[in-house]
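Colleague: I would like to go through this model before planning bench work. Please start with the sheet.

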Amino acid sequence: MARNKYTEVEEKIMRDVSRNLKSLLAKKGIYQADLCKKTGLARSTISDYVNGRTLISQGNLEKIAEALDVQKSDIDSSLKKFNSNSGTVNVPVLDKLTIKKQNIIGSEKIHIDNLEKTEYFFFKVQDEAMVNEGILPGDLVLVKESYTYEDGNLVLAVQNNGNIIRKIFKSGDSYILQAANPSYAPIVLDKEVVQIIGVVKQNLRKY
């Protein structure tokens, strides 16, 4: 069910996705019904995206992009991080997300030299778990979307329907998510249930 109210940034993304989907469907000669079959998504869901009524989720964006054989940024232009005519790009800021859902609360500019050719976003830190790493509540950490990581990487993960930032370590068939604050106990989870959103690359603090 669609929310009653979206932020200005989210509404802009919805209009952009609508415009791009209509263009891609027309260009490829694909009907909405065909897209439903290719993605397994409900007709009403596809219709809402095409007509700009609902904010597209990350999971559904991936499904539609794969079905249309395009990049996710071809559908959601806010994911296009590189512009040869500009030294900076707008990166979305999120304060809650899972593999399938995201909550965009704004955007921040960052110089393109700081980014590789992949998808990034800022995440607003909610707790004090990483204070001894210099990451405080309210900070914006730049996250590189990735489901691969190495021991000691600082990652953004989903845990109990919330988001946590921790250092990740392998331990047999489990992962240990370690805080940098003695008040936060280590979290041990089976590898199959760990949902990693991405790897933290840098921290932005605004005064």
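Modeller: This is a predicted model. It has an open sheet of nine strands with mixed pairing. The strand order is β2-β1-β3-β4-β9-β5-β6-β7-β8.

Colleague: Which strands stand at the edges of the sheet?

Modeller: An edge strand has a single partner strand, so one side of it is left without a neighbour in the sheet. The two strands of this kind are β2 (102-111) and β8 (187-190).

Colleague: What is the average twist from one strand to the next?

Modeller: The twist is taken from each strand to the next in the sheet. Its average is 45 degrees.

Colleague: Which residue in β7 does I168 stand opposite?

Modeller: Strands β6 (residues 162-171) and β7 (residues 174-178) run antiparallel and are joined by five bridges. In β7, the residue opposite I168 is L177.

Colleague: Is N20 buried or exposed?

Modeller: N20 is found in helix α1 (residues 8-28). Apart from neighbours within four places in sequence, N20 is in contact with D74, I75, D76 and S77. Buried means under 20% relative accessible area. The relative accessibility of N20 is 15%, so N20 counts as buried.

Colleague: Which side chain makes a polar contact with that of T54?

Modeller: T54 is in the loop between α3 (43-50) and α4 (58-68), and is buried at a relative accessible area of 18%. T54 and E11 are 43 residues apart in sequence, with a C-alpha to C-alpha distance of 8.7 Å. The polar contact of the T54 side chain spans 3.4 Å, and the side chain it joins is that of D48.

Note on methods:
Residues numbered from 1 in each chain as written. Predicted model: local features only at pLDDT ≥ 70, side-chain atom pairs only at ≥ 80, totals over all residues. Heavy atoms only, no water. Helix = DSSP H or I, 4+ residues; strand = E, 2+ residues; numbered from the N terminus. Buried < 20%, exposed > 50% of the residue type's maximum accessible area, 1.4 Å probe, protein only. Contact = heavy atoms within 4.5 Å. Pairing = 2+ DSSP bridges. Axes fitted to C-alpha atoms, helices over the stretch in contact; angles between N-to-C directions. Polar contact = N/O pair within 3.5 Å; in protein donor to acceptor, adjacent residues only side chain to side chain.
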